[in-house]
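Colleague: I should like to go through this model with you, one question at a time. Please give the reasoning before each result.

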Amino acid sequence: MINFEYSRATDVADAIRQLAADPSAKLIAGGTNLIDLMKIDVEQPRHVIDISRLPLTNVEETQDGGLKIGALVPNSDLAYHPLIAERYPLVSSAILAGASQQLRNKASTGGNLLQRTRCFYFYDTATPCNKRTPGSGCSAIGGANRINAILGTSEACIATHPSDFCVALAALNASVNVVGPSGGRAISFADFHRLPGNTPHIDTNLKRDEIITDVELPADVFGSNYTYLKIRDRLSYAFALVSVAAALNLEGDSISEARIALGGVAHKPWRKPEAESALTGKAATESNFMTAADVLLEGAKGYGHNDFKVGLARRAIGRALAQAARGTPQSQSDKKVR
Ligand SMILES: Cc1cc2nc3c(=O)[nH]c(=O)nc-3n(C[C@H](O)[C@H](O)[C@H](O)COP(=O)(O)OP(=O)(O)OC[C@H]3O[C@@H](n4cnc5c(N)ncnc54)[C@H](O)[C@@H]3O)c2cc1C
Ligand code: SF4
């Protein structure tokens, strides 16, 4: 057991002050990821700052017709919140596809964004891993990489980001509001998570002394034609091998706007504007969906055990877009909230 100091932040400013004062400090919200990582010595904060009682638990309408979600809104509360379930069902669907009910009760909005990869070697401190120990090597390249990335990889790291929630947030052009010692800023979702490059130990563009206060969803909703399709080894309580958040606006049979984001395939939710514009003004047909899939997956490559993901992702994109176009119910979990 590595000793650590525990303190409770009294407000956001206090959390920032405490974070800035100790470079080894970590915030804790629901604790469902941080505590697991501390138990196996992957994370070794000398100081844990509890933010779980800060008043960041509201879901509010914004002046421009969007929604602002407090960083401490539990994933369960958010999935079943009427404004989310009715106006952003893609978000409900993605959250309910993740983890288990008990975990979702504890997991927070901010913590979900910052959960760390599930790459086997990241958790195994006996093996080299550039994300855990920069410069030590990547055991997944040439190792057991069935769950690893096929897009946006580097020679240093082929990890994926494991969140389901984030895939829907990426598709919906969310932004992340953060506050640090020099004030607040908004980070667009596309810029929040990073590709590994040669610094895979840095997952996001959040600064070390910044706290997420809320996540904003813009007003443009895709409440009718959407799908969150998650392909995994078990039907529940498993991370995505491939997931697709698909949303369409239709005028008759023609697509006026499309959004597609992938999970389980890259170090961040994977989006490519060219794939979406390939669908704009086109008919909602299988061949157009597969063309968009090919654009989105351009450059995809497997590393051996995960070669199957390239074809799986292509088929999943086609299926998700077809389901979205039909406006069919998405999953058992979805039926609870619609
Ligand atoms: C067995 C298991 C299965 C799971 N399955 C899935 C799944 O299928 N899909 C999925 O999406 N997720 C899954 N999860 C992950 C789960 O969703 C995350 O663990 C959870 O969302 C993390 O939220 P938390 O509040 O518990 O974060 P914590 O563990 O408290 O924190 C995680 C990280 O975020 C930082 N942090 C937290 N809040 C803030 C903030 N406001 N500002 C700045 N930093 C902050 C912490 O410092 C820490 O580094 C699973 C987890 C487990 C344990
Ligand atoms: S893929 Fe990334 S997380 Fe996994 S072993 Fe390689 S460096 Fe570590």
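Modeller: The model is a predicted one. Let us begin with a side-chain pair: the side chains of His47 and Ser7 are joined by a polar contact of 2.7 Å.

Colleague: Which other side chain makes a polar contact with the side chain of His47?

Modeller: His47 lies in strand 3, residues 47-50. Leaving aside neighbours within four places in sequence, the residues in contact with His47 include Phe4, Glu5, Asp22 and Ser24. A polar contact requires N or O atoms within 3.5 Å. At 3.5 Å, the partner is the side chain of Gln18.

Colleague: Is His47 buried or exposed?

Modeller: Buried means under 20% relative accessible area. His47 is therefore classed as buried, since its relative accessible area is 6%.

Colleague: How much of ligand 1 does the protein bury?

Modeller: A backbone N or O atom of Gly31 lies 2.7 Å from an oxygen atom of ligand 1, and one of Ile212 lies 2.9 Å from a nitrogen atom of the ligand. In the side chain of Lys230, an N or O atom is 3.0 Å from an oxygen atom of ligand 1. Taken alone, ligand 1 exposes 980 Å², and the buried share of that is 94%.

Colleague: How many charged residues does the shell around ligand 1 have?

Modeller: There are 33 residues around ligand 1, and Leu27, Gly31, Thr32, Ser108 and Asp164 come nearest. Strand 2 (25-28), helix 2 (34-39), helix 7 (109-113) and strand 8 (211-217) each supply at least two residues of the shell. By class, the shell has 16 nonpolar and twelve polar residues, and the charged residues number five.

Colleague: Which helix gives the most to the largest nonpolar core?

Modeller: The largest nonpolar core has 51 residues, of which Leu90, Val91, Leu113 and Leu217 touch the most other members. The greatest contribution to this core, seven residues, comes from helix 9 (residues 165-171). Not counting residues up to four places away in sequence, Leu90 touches Ala168 and Ala171, among others. The element asked for is thus helix 9.

Colleague: How many residues has the other core, which lies apart from it?

Modeller: Its members include Leu229, Leu241, Val265 and Leu297. The number of residues in this core is 34.

Colleague: What covers the buried residues of helix 12?

Modeller: The buried residues of helix 12 (residues 286-296) are Asn288, Phe289, Met290, Ala292, Ala293, Val295 and Leu296. Their cover includes strand 11 (254-263), helix 11 (273-277) and helix 13 (308-326).

Key
Residues are numbered from 1 along each chain as its sequence is written. Chains are lettered from A and ligands numbered from 1 in the order in which they are written. This is a predicted model: local features need pLDDT of at least 70, side-chain atom pairs count only at pLDDT 80 or more; totals for chains, interfaces and linings use all residues. Side-chain values use heavy atoms; hydrogens and water are left out. A residue is near a molecule or strand if one of its heavy atoms lies within 4 Å of it. A polar contact is a pair of N or O atoms within 3.5 Å; within protein, one must be able to donate a hydrogen and the other to accept it, and residues adjacent in sequence count only if both atoms are side-chain atoms. Accessible areas come from the Shrake-Rupley method with a 1.4 Å probe; for residues, only the protein chains shown count as cover. Helices (H or I, at least four residues) and strands (E, at least two) are DSSP runs, numbered from the N terminus. Ala, Val, Leu, Ile, Met, Phe, Trp, Tyr, Cys and Pro count as nonpolar, Asp, Glu, Lys and Arg as charged, and the others, Gly among them, as polar. A nonpolar core is a set of buried Ala, Val, Leu, Ile, Met, Phe, Trp, Tyr and Cys residues joined through side-chain atoms within 4.5 Å. Buried means under 20% relative accessible area, exposed over 50%, partly exposed in between (1.4 Å probe, protein chains only). Contact means heavy atoms within 4.5 Å.
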